[in-house]
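Trainee: Could you take me through one part of this model with care, namely the surroundings of the ligand, and then show me how a few single residues sit in the chain?

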Amino acid sequence: MGANSLTITDNRTGKTYELPIENGAIRAMDLRQIKADANDFGLMTYDPSFMNTASCKSKITYIDGDAGILEYRGYPIDQLAEKSSFLEVAYLLLHGELPRAAELDAFVKHIKVHTFVHENVKKCMESFRHDAHPMGMLLSTVGVLSTFYPDAKRIFDGEARYHHVIRLLAKMPTIAAFAYRHSIGFPYVYPDNELSYTGNFLSMMKKISEPKYKVDPILERALDVLFILHADHEQNCSTNAMRGVGSAHTDPYSCVAAATAALYGPLHGGANEAVLKMLQELGSVKAVPAFVKEVKEGAGEKRLMGFGHRVYKNYDPRARVIKHLAEQVFEVTGKNPLLEIAVELERIALQDDYFIKRKLYPNVDFYSGLIYEAMGFPTEFFTVLFAIPRTVGWLAQWTEMLLDPDQKIARPRQVFLGARQRDYVPMESRG
Ligand code: CMC
């Protein structure tokens, strides 16, 4: 078979097998031929949490966790954050190439005509309790959208599918802003399509009685950059949920609801909220050394939120951009007093053996919450600010999955260790 192969000897049988290596991977199904005897099911790999399993081939996002590199369709994240806009990046993720001026213009217009939601969607949202978590509202309302667009089930009709992709990109900010207005008991603000994607979002969040909301250009751009940084991150937990649910050929609204649910968790998108709570609980720089000691001695029970990453074993490149962005935002909003505590935490952690040995560095969530808070977003809303831009990543990955002939319904195997073939025991004989 040549050099690009793997030779395996099964010591149970003494047989040798040669498996092809393609793109740095062997196919797990090639292991199935390795059997202890004729009745054996065949060899599997055991990989809880997908620590070393590639579930797809993808051309969307590249990460080198050791070198701290993140690229969308080959473009480095820092260049996109500096020079691009969120909708341009959204186009790039979906189509694979940066748009020409006319293409971007058409894309933006297409999104703008879909920003409104059906009045009954609004009524659904009105029925939430006043203190409902905005992520709970977001994930259920985006799921509700599937009932408004039954033709979203036509996922193999390219035109219909793309239409729903655009609808989702257009409506996520509207639903998110409605969730916020609901939580503070304010009337919902309808989209203003003369504004930019982030400008309109800020207007729906913050407008009171003024005829037109005046967007601060620095905050508008800062939010746009944060949206760029959060747009995709290859096969993370929520993207895996999107692809997994999508592999059953479920409509995109229901898939995005599932992905949003995955993002809600404190180990994933919920971490930015957890970071802020941690910093608030610390209260002052003086409390930092004792807290770090507690984290180290807690044997993983207590974590330094906003630190560590499954893939990055280096400084998260997004965290670097965000740290710099924070300075620009604080010039408009005034400095967030929690920044001092965050900087001190980072300083101490980065020179501590515990964190160095485990390669734990600040991730995207460490500084983003400080910016969101300075911009006046409540802590509970932070993960929603992650979900809005990540929607495009989910949709790009979902589309790629649907068009990939290698993909089938996601259905992992298990290593079964439970009891087998026992006779039913009647209640009176159970002791
Ligand atoms: N604080 C203290 N110790 C940590 C931390 C942390 N934040 N993260 C990992 N460790 C330790 C962990 O206890 C373990 O130590 P030991 O080897 O002694 O048992 C070691 O580092 C490896 O940790 P792990 O849990 O096996 O690593 P993982 O790849 O399964 O987890 C993670 C990755 C992001 C879930 C984890 O680092 C974590 O819980 N971080 C805090 C939450 C957070 O900031 N999440 C946001 C991730 S970035 C945004 C996103 O993609 O959603």
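Mentor: What follows begins with the ligand and then turns to three residues, one after another.

Please keep in mind throughout that this is a predicted model. The ligand is surrounded by 20 residues, and the closest of these are His-268, Arg-303, Leu-304, Gly-306 and Arg-310. Sorted by class, this shell is made up of 9 nonpolar, 7 polar and 4 charged residues. Both domain 1, which spans 75-269, and domain 2, which spans 271-374, give residues to the shell, and therefore the ligand lies between the two domains.

Some of the distances to the ligand can be followed atom by atom. A backbone N or O atom of Phe-307 is 2.9 Å from a nitrogen atom of the ligand, while Leu-267 also places a backbone N or O atom by a ligand nitrogen, here at 3.3 Å. With Arg-358 the side chain takes part, since one of its polar atoms lies 2.9 Å from an oxygen atom of the ligand. The ligand on its own has 940 Å² of accessible area, and the protein covers 76% of it.

Now to the single residues, beginning with Asp-316, which is found in the loop that runs between helix H12 (288-297) and helix H13 (317-333). Its relative accessible area is 1%, and because buried means under 20%, Asp-316 is counted as buried. Leaving aside residues up to four places away in sequence, Asp-316 touches Pro-362, Asn-363 and Val-364. For Val-364 there is a further detail, in that its backbone nitrogen lies 2.9 Å from a polar atom of the Asp-316 side chain.

Asp-353 can be set beside this residue, and it belongs to helix H15, which covers residues 353-357. Here the relative accessibility is 59%, and because exposed means over 50%, Asp-353 counts as exposed. Between the C-alpha atoms of Asp-353 and Lys-296 there are 9.9 Å, although 57 residues separate the two along the chain.

The last residue is Ala-259, which lies in helix H10, a helix of residues 252-264. Ala-259 has 0% relative accessibility and so counts as buried. Its contacts, again without residues up to four places away in sequence, are with Ser-238, Ala-241, Met-242 and Trp-394. From Ala-259 to Gly-246 the C-alpha to C-alpha distance is 10.0 Å, with the two being 13 residues apart in sequence.

Note on methods
Residues are numbered from 1 along each chain as its sequence is written. This is a predicted model: local features need pLDDT of at least 70, side-chain atom pairs count only at pLDDT 80 or more; totals for chains, interfaces and linings use all residues. Side-chain values use heavy atoms; hydrogens and water are left out. Helices (H or I, at least four residues) and strands (E, at least two) are DSSP runs, numbered from the N terminus. Buried means under 20% relative accessible area, exposed over 50%, partly exposed in between (1.4 Å probe, protein chains only). Contact means heavy atoms within 4.5 Å. A residue is near a molecule or strand if one of its heavy atoms lies within 4 Å of it. A polar contact is a pair of N or O atoms within 3.5 Å; within protein, one must be able to donate a hydrogen and the other to accept it, and residues adjacent in sequence count only if both atoms are side-chain atoms. Accessible areas come from the Shrake-Rupley method with a 1.4 Å probe; for residues, only the protein chains shown count as cover. Ala, Val, Leu, Ile, Met, Phe, Trp, Tyr, Cys and Pro count as nonpolar, Asp, Glu, Lys and Arg as charged, and the others, Gly among them, as polar. Domain bounds come from an automatic or database domain assignment.
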